[in-house]
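Please look through the sequence and the 3D structure shown here before reading on.

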Amino acid sequence: MSALGNRPFVKMNGLGNEIVVVDMRKSPAAISADEARAAAQPNAAPYDQLMALYPPRTAGTDALVRIYNNDGSEAGACGNGMRCVASLIAKESGKDKLAFEVAGRVLDTWKGADGLFTVDMGAPRFAWNEIPLAEEFRDTRTIELQIGPIDKPILHSPSVVNMGNPHAIFWVDDVNAYDLVRIGPLLENHPMFPERANITLCAIQSKEHILIRTWERGAGLTKACGSAACAAAVAAARLKRTGRKVRVTLPGGDLAIDWRESDGHVLMTGPVEFEFEGTFDPALFAKVGAA
């Protein structure tokens with residue numbers, strides 16, 4: 001029996017980051033990579049990330065969340081998806097403050113007076129083996145990596161950071177001047193990144209404002225990637241190109257990012273949008289042997 005066949009789902013988005021939420025709390029079942037890919041088909045519920053809710057296993061949390069990319073791989077973080085989950089559970093429970101376990105971390109979320117949701121994405125990691133990288137770099141604010149001709153690289157010298165998943169941020173003047181559909185997969189799968197990486201182009205607008213475009217690991221080109229917005233904001237602040245509070249403009253809209261000085265945690269605030277509800281057709285999963 002498929003874990004997703006006949007399973008209700010909610011289709012949402014965070015700044016155009018396509019999210020599907022499935023509630024597995026009452027009848028938990030493991031979702032295979034094949035099932036996750038099948039659920040993302042055009043005739044199913046196409047998504048960037050699938051957020052699966054399971055019964056909490058850590059005291060004080062509201063649910064365990066497992067995150068799947070549309071290629072079937074699991075993700076360690078999805079900020080936009082967490083805001084969508086928080087919105088649903090806040091409505092269900094009547095609570096504005098919630099906590100979720102994600103990939104061994106507890107992420108706090110809360111709803112502000114303006115109706116926007118904030119996710120505490122935790123503290124970024126900077127050590128080369130925590131990102132991880134294939135070789136040692138003592139200073140990950142800039143690493144030696146380029147794509148294109150040696151004497152005239154297309155992109156080079158990214159900053160790298162782990163924001164629950166690996167990120168590489170390339171500094172550019174114009175985020176739209178590059179073919180991310182072509183370059184993104186090459187960099188995502190570069191030997192430097194043994195666990196692949198999210199690839200972001202970032203243009204500094206001011207000390208309080210940056211622009212980004214992201215090729216998302218396991219999902220491709222996206223209108224918004226919350227963890228990439230956090231990673232880019234942190235990387236820009238580490239290089240003293242911005243302050244610790246910035247507005248990040250993505251193709252889908254704006255996020256407010258605050259790299260909090262008191263504990264080093266990164267707070268991400270933004271909107272969510274409900275699209276529709278549906279139920280997965282069991283026939284979608286027949287070919288993966290799980291119907």
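The report below goes from the whole chain to its nonpolar cores and then to its cysteines.

This is a predicted model, in which local features need pLDDT of at least 70 and side-chain atom pairs count only at pLDDT 80 or more, while totals for chains, interfaces and linings use all residues. Residues are numbered from 1 along each chain as its sequence is written, and side-chain values use heavy atoms, with hydrogens and water left out.

The protein chain has 4 helices and 19 strands, both taken as DSSP runs numbered from the N terminus (helices H or I, at least four residues; strands E, at least two). Of its 291 residues, 54% count as buried, where buried means under 20% relative accessible area, computed with a 1.4 Å probe and protein chains only.

The largest nonpolar core has 53 residues, of which Met51, Phe100, Ile212, Val248 and Ile257 touch the most other members. Such a core is a set of buried Ala, Val, Leu, Ile, Met, Phe, Trp, Tyr and Cys residues joined through side-chain atoms within 4.5 Å. Helix α4 (residues 226-238) gives the most to this core, with 10 residues. A second, separate core of 22 residues includes Leu133, Phe170, Leu180 and Ile183.

The structure holds 0 disulfides, a disulfide being a pair of cysteine sulfur atoms within 2.5 Å. Two cysteines are set out below.

| Cysteine | Closest cysteine sulfur | Relative accessibility |
|---|---|---|
| Cysteine 202 | Cysteine 230, 13 Å | 1%, buried |
| Cysteine 230 | Cysteine 225, 8.7 Å | 0%, buried |

Cysteine 202 forms no bond with cysteine 230 because their sulfurs, 13 Å apart, are too far from each other.

Conventions. Buried means under 20% relative accessible area, exposed over 50%, partly exposed in between (1.4 Å probe, protein chains only).
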